[in-house]
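Got your viewer open? Load the model, switch to cartoon view, and follow along one selection at a time.

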Amino acid sequence: PGELAKIRLKPNGQKRVLLSYFSVGEAENYRYYWKREWSAKRPAWMAYENKDWAGNFIVRFWDPEWRPIVFEGAESFLSRIIAAGFDGVYLDRVDVFAELEKENSNARADMIAFVRALSAKARALKPDFLVVVQNAEDLATSDPFLASIDGIAKEDLLYGVDHKASRNPQSMINEAVRHLKVARDKGKAVFVVEYLSRPEQLMNVMRE
């Protein structure tokens with residue numbers, strides 16, 4: 001909390017809004033909740049390791065045993081974030097449902113229900129708590145989902161879906177923008193996160 005208090009205050013005396021990164025679609029072996037025995041034998045709710053991120057494991061988020069770790073109970077990740085003094089969460093890997101639809105045909109609906117339950121729990125503990133999701137912008141077609149969040153941040157909207165900072169296919173951009181506009185038009189904050197170093201690309205993002 002002391003560190004957050006220092007970060008929150010701007011040089012001009014105004015206050016920053018502080019969101020805590022919070023992965024809900026993957027279990028991470030460097031978090032406080034990780035149990036050593038999971039490295040040898042994965043629990044039933046843990047699916048497989050993310051091949052692009054060592055130590056991150058895709059989770060069957062609909063499994064009841066994942067919820068106490070993430071947002072139910074005094075020792076949950078969410079409870080610790082709130083106790084530390086954050087203003088909200090930045091939920092990553094909400095889009096993991098798309099990777100698990102072959103295993104669970106209801107994965108999309110289950111993720112919507114999961115985020116809604118997490119949001120309700122957070123706001124029961126702290127009424128003005130903010131919930132921002134990263135990616136999964138196609139869930140903006142769900143009114144119950146939008147009602148449970150405050151914003152959407154989209155990674156690699158214009159560049160980098162191939163992890164090489166190349167321009168994304170226009171059809172992909174158009175589809176993402178269509179969903180983001182739905183969220184924006186319903187009063188949700190929309191952020192774009194691009195990972196770029198070339199000046200001309202940075203200028204293109206600013207113009208668009």
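Which strand is serine 23 found in? Select it and you land in strand E1. Before going further, a word on the ground rules: this is a predicted model, where local features need pLDDT of at least 70, side-chain atom pairs count only at pLDDT 80 or more, and totals for chains, interfaces and linings use all residues. Residues are numbered from 1 along each chain as its sequence is written, and side-chain values use heavy atoms, with hydrogens and water left out. Strand and helix names are DSSP runs numbered from the N terminus (strands are E, at least two residues; helices are H or I, at least four).

**Stop 1: around serine 23**

At 1% relative accessibility, serine 23 counts as buried (buried means under 20% relative accessible area, exposed over 50%, partly exposed in between, with a 1.4 Å probe and protein chains only). Show its surroundings: leaving aside neighbours within four places in sequence, serine 23 is in contact with Glu28, Trp66, Asp92 and Arg93 (contact means heavy atoms within 4.5 Å). Its side chain also reaches the backbone nitrogen of glutamate 26 at 3.5 Å. For a longer hop, pick glutamate 155: its C-alpha atom is separated by 15 Å from that of serine 23, with the two positions 132 residues apart along the chain.

**Stop 2: the parallel sheet**

Now colour the 5 strands of the open sheet, in the order E1-E5-E6-E7-E8, with parallel pairing (two strands pair if DSSP finds at least two bridges between them). E1 (19-23) and E8 (189-193) stand at the edges with a single partner strand each, so one side of each has no neighbour in the sheet. From one strand to the next, the twist averages 25° (axes are lines fitted to C-alpha atoms, for helices over the stretch in contact, and angles run from 0 to 180 degrees between N-to-C directions).

Zoom in on E5 (residues 88-92) and E6 (residues 130-134), which pair over 4 bridges. Leucine 91 stands opposite valine 133 in E6. Then add helix H4 (residues 77-84), which lies across E1 and E5 and runs at about 170° to E1.

**Stop 3: helix H7**

Select residues 170-185. This is H7, lying across strand E7 (151-155) and E8, at about 160° to E7. Which residues of H7 are buried? Ile173, Ala176, His179, Leu180 and Ala183 are. They cover an arc of only 135° around the axis, which puts them on the same side of H7 (the arc is that of the directions from the helix axis to the C-beta atoms). Their cover includes helix H6 (143-147), E7 and E8. Spin to the face turned away from the buried side and you'll find the exposed residues Ser171 and Asp185. Just after H7, glycine 187 takes a positive phi of about 90°.

**Stop 4: the loop before H7**

Step back to asparagine 168, in the loop between E7 and H7. Is asparagine 168 buried or exposed? At 3% relative accessibility, asparagine 168 counts as buried. Its side chain reaches the backbone oxygen of aspartate 156 at 2.7 Å, and its contacts beyond four places in sequence include Tyr159, Val161 and Ile173.

**Stop 5: the antiparallel sheet**

Finally, pick out the open sheet of 3 strands, ordered E2-E4-E3 with antiparallel pairing. E2 (26-28) and E3 (46-49) are its edge strands, each pairing on one side only. E3 and E4 (residues 56-59) pair over 3 bridges, and the bridge partner of tyrosine 48 in E4 is isoleucine 58.

Terms used. Polar contact = N/O pair within 3.5 Å; in protein donor to acceptor, adjacent residues only side chain to side chain.
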